[in-house]
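Got your viewer open? Let's take a short walk through this model, one selection at a time.

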Amino acid sequence: MKKMSNIYESAANTLGIFSSPCLTKVELRVACKSISDRDALSKPDPCVILKMQSHGQWFEVDRTEVIRTCINPIFSKLFTVDFYFEEVQRLRFEVHDISSNHNGLKDADFLGGMECTLGQVRASVFPPRLFF
C-alpha cells in the first residue's frame, strides 16, 4: 500500500497538485472604464502600475503596457502575485497617462488609483475585475 501511495504522490507532485500550504499564485487582469480626459487636446495613453506595500513602503511590482489614446482600456498584461494565506498583502493600482515621447513616470500625469488587499480580490464572488 505504501508503494501505491508513493506513485500517487509522485504523480501529484509532477502535475503540481501539491503546493506550499502558505503560498499560491494569483493572476490579475486590469481594465479601466471612463478614464477622465485631463488633456483637452488628446485622449490619455494609460498605463497601470501595480505596487505592493512592504514594511510601510510601497514598491513597484509590475506595470501594464501603454494603450494609446484610450479611455476604456483593457490591458493584456497579466500581473502574477504570490498569495500568502496568513499575511495581509496591500495592493495599490495607479493609473498614469504616459507621454507619447517615452514610457517614464517622470512626466506622466497621475489619473487615479485604488488600494485593496490581495485577500479582498481573492474573496470576490466573480473573477476579479478592477475598474478605475
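Is Phe85 buried, exposed or partly exposed? Select Phe85 and have a look: this residue is partly exposed, with a relative accessible area of 44%. Keep in mind that you're looking at a predicted model.

Now add Phe83 to your selection. Phe83 is buried, because its relative accessible area of 8% is under the 20% cut-off. The ring centres of Phe83 and Phe85 sit 5.1 Å apart, and the planes make an angle of 85 degrees, so this pair counts as edge-to-face.

Stay on Phe83 and bring up Arg122. You'll find Arg122 over the face of the Phe83 ring, at 4.9 Å from its centre.

Next stop: another ring pair. The count of aromatic pairs here comes to 2. Pick Phe79 and Phe93, whose ring centres are 6.4 Å apart with planes at 55 degrees, so this pair is tilted. Phe79 belongs to strand β4 and Phe93 to strand β5, so the pair ties together parts 14 residues apart in sequence. Both Phe79 and Phe93 are buried.

Ready to go further inside? Phe79 and Phe93 are among the residues with the most contacts inside the largest nonpolar core, which has 19 residues; Leu28, Val48, Leu91 and Leu118 are on that list too. To see who contributes, colour β1 (23-28), β2 (46-54), β4 (79-84), β5 (90-97), β6 (109-117) and α2 (118-122): each supplies at least two residues of this core.

Finish on Leu28. Leaving aside residues up to four places away in sequence, its contacts include Phe79, Leu91, Phe93, Leu118 and Val121.

Methods
Residues are numbered from 1 along each chain as its sequence is written. This is a predicted model: local features need pLDDT of at least 70, side-chain atom pairs count only at pLDDT 80 or more; totals for chains, interfaces and linings use all residues. Side-chain values use heavy atoms; hydrogens and water are left out. A nonpolar core is a set of buried Ala, Val, Leu, Ile, Met, Phe, Trp, Tyr and Cys residues joined through side-chain atoms within 4.5 Å. Buried means under 20% relative accessible area, exposed over 50%, partly exposed in between (1.4 Å probe, protein chains only). Helices (H or I, at least four residues) and strands (E, at least two) are DSSP runs, numbered from the N terminus. Contact means heavy atoms within 4.5 Å. Rings of Phe, Tyr and Trp (its six-membered ring) pair if their centres lie within 6.5 Å; planes under 30 degrees apart count as stacked, over 60 as edge-to-face and the rest as tilted. A charge sits over a ring if NZ of Lys or CZ of Arg is within 6 Å of the ring centre and within 35 degrees of the ring normal.
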